[in-house]
Amino acid sequence: MAAASALIPTSLLIIEKKSHFTNKRKLPFSPLAAKRTLLKITAKAAGDGSDSSSENIVKYVQNAWDNYEDRIALGGLGFASIVAFWASLNLISIIDKLPVIPSVLEFIGIFFSWWFIYRYLLFKPDREELYKIIKNSLTDILGQ
């Protein structure tokens, strides 16, 4: 890069900035003055002392990296996840190129959306039933 810029004449390196707007209006306030009056507030969430799942994953990976045999497995798992991601992207693009499949899948999605609206959202007792199902599922997942 340095050699290329040394060969280019300096007259070509200077770029003029021309304004496309001939009539410039001035703002009634200064944006810099407005930035000075803002308060910087930082907040830190106070937890109950339990680690979040992302912290547990980070600790697990750090512990696995310390052991040599686990490094190989961890590298293989990372490589396999990258290959799986690449293959899924290619599979989706191949399915999208087929003539009938995308329209059929779109029809299935629209049909299911209308069914869900009719089944759970249209009438009040059905909405309450959906709320109970969601609440029970959350308690089962979170273990409360």
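## A nonpolar patch on a helical protein

Let's start with one residue: Ile 101 lies in helix H6. The model here is a predicted one. Is Ile 101 buried, partly exposed or exposed? With a relative accessible area of 38%, Ile 101 counts as partly exposed, because that label covers values between 20% and 50%.

Ile 101 also has company. Together with Leu 91, Ile 95, Leu 98, Val 100, Val 104, Leu 105, Phe 107, Ile 108 and Phe 111, Ile 101 forms a nonpolar patch on the surface. Add up the accessible area of that patch and you get about 930 Å². Which helices feed into it? Helix H5 (68–97) and helix H6 (101–121) each bring at least two residues to the nonpolar patch. The top contributor is H6, with six residues.

Now for the database record. An unreviewed UniProt entry carries the annotation "transmembrane region" for residues 72–95 and 101–122. Here is how those two spans look in the model:

| Span | Helix | Strand | Distance between end C-alpha atoms |
|---|---|---|---|
| Residues 72–95 | 100% | 0% | 34 Å |
| Residues 101–122 | 95% | 0% | 30 Å |

Stepping back to the whole protein, you'll find seven helices and zero strands. Along the sequence, that reads as α-α-α-α-α-α-α. How much of the protein is buried? Of its 144 residues, 3% are buried. The accessible surface of the protein totals about 14,300 Å², and carbon and sulfur atoms account for 67% of that surface.

Technical notes
Residues are numbered from 1 along each chain as its sequence is written. This is a predicted model: local features need pLDDT of at least 70, side-chain atom pairs count only at pLDDT 80 or more; totals for chains, interfaces and linings use all residues. Side-chain values use heavy atoms; hydrogens and water are left out. Patches are made of residues with over 30% relative accessible area and no salt bridge: like charges are joined within 9 Å, nonpolar side chains (Val, Leu, Ile, Met, Phe, Trp, Tyr) within 5 Å. Accessible areas come from the Shrake-Rupley method with a 1.4 Å probe; for residues, only the protein chains shown count as cover. A salt bridge is a side-chain nitrogen of Lys or Arg within 4 Å of a carboxyl oxygen of Asp or Glu. Helices (H or I, at least four residues) and strands (E, at least two) are DSSP runs, numbered from the N terminus. Buried means under 20% relative accessible area, exposed over 50%, partly exposed in between (1.4 Å probe, protein chains only). UniProt positions are given in the numbering used here, feature names are shortened, and annotations may be inferred rather than shown by experiment.
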